[in-house]
Amino acid sequence: DIAERGKTLSITYQIFQQNGNYIDSVGYGLDKKDDVGETFKFPLGYGRVPVGIELGMEGMRVGGKRRISVPPDSGWIINNKEGCPKIEREGLFEVISRECLLQPIPESSAALRRFSRPAQNALLFEVELVRVK
């Protein structure tokens with residue numbers, strides 16, 4: 001199966017800073033998480049994840065792996081949604097509603113701190129496509 005707009009993708013991923021420092025993951029059992037084999041699911045083409053991730057995943061085949069660079073200006077903040085403050089990644093702690101954030105967002109406070117600093121750098125998103133529906 002191939003990742004196409006409108007299909008729901010199930011992925012495992014790791015997020016790193018540009019210098020290689022680990023931030024967060026799903027499906028790898030890292031950071032003391034018991035999540036080996038778990039996946040993150042989202043519909044491709046609906047703006048639920050940063051545009052760079054959507055573009056980077058289009059055309060992937062199940063089992064494929066990619067490393068996608070997500071620049072800070074196309075990152076995780078929804079600035080045009082009503083009721084959402086205009087903030088940069090470093091202001092994530094000030095966001096009350098997770099509805100103002102694109103996914104995936106780290107769950108632990110330690111991972112969220114690593115994720116939000118340094119906000120002026122791109123993040124590396126290593127992804128494996130597990131399933132397409």
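This passage walks through the fold, the salt bridges and the aromatic pairs of a predicted model.

Some ground rules come first. The model is predicted, with local features needing pLDDT of at least 70 and side-chain atom pairs counting only at pLDDT 80 or more, while totals for chains, interfaces and linings use all residues. Residues are numbered from 1 along each chain as its sequence is written, and side-chain values use heavy atoms, with hydrogens and water left out.

The protein chain has two helices and five strands, taken as DSSP runs numbered from the N terminus (helices: H or I, at least four residues; strands: E, at least two). Along the sequence these elements run β-β-β-α-β-α-β. The chain has 133 residues, and 45% of them count as buried; here buried means under 20% relative accessible area, exposed means over 50%, and partly exposed is in between (1.4 Å probe, protein chains only). The accessible surface adds up to about 7,300 Å², with 48% of that belonging to carbon and sulfur atoms. Those areas come from the Shrake-Rupley method with a 1.4 Å probe, and for residues only the protein chains shown count as cover. As for contacts (heavy atoms within 4.5 Å), 64% of those with a separation of 6 or more are between residues 24 or more positions apart.

Strand β1, residues 8-17, contains T12. T12 counts as buried because its relative accessibility is 7%. Setting aside neighbours within four places in sequence, T12 touches V26, G27, Y28, E38, T39, E126, V127, E128 and V130.

Y13 also sits in strand β1, and this residue takes part in the aromatic pairing. Four aromatic pairs turn up in the structure. Rings of Phe, Tyr and Trp (its six-membered ring) pair if their centres lie within 6.5 Å, with planes under 30 degrees apart called stacked, over 60 edge-to-face and the rest tilted. The ring centres of Y13 and F40 are 6.3 Å apart and the planes stand at 85 degrees, so this pair is edge-to-face. F40 belongs to strand β3 (residues 40-43), 27 residues from Y13 in the chain, and both residues are buried. Y13 and F125 make a stacked pair, because their ring centres are 5.2 Å apart and their planes are at 15 degrees. That pair links distant parts of the chain, with F125 in strand β5 and the two positions 112 residues apart; Y13 and F125 are both buried. Ring pairs join Y13, F40, F42 and F125 into a cluster.

On the charged side, there are three salt bridges, each a side-chain nitrogen of Lys or Arg within 4 Å of a carboxyl oxygen of Asp or Glu. One of them is between R67 and E126, at 2.2 Å from N to O. R67 lies in strand β4 and E126 in strand β5 (residues 123-132), so this bridge ties together parts that are 59 residues apart in sequence. R67 counts as exposed because its relative accessible area is 56%. E126 is also among the contacts of T12.

R5 and E58 form another bridge, their closest N and O atoms 3.8 Å apart. R5 is in the segment before β1 and E58 is in the loop between α1 (51-57) and β4 (65-70), with 53 residues separating them. R5 is exposed at 54% relative accessibility, while E58 is partly exposed at 31%. K7 and E4 also pair up, at 3.3 Å from N to O. K7 is partly exposed at 26%, and E4 is partly exposed at 40%.
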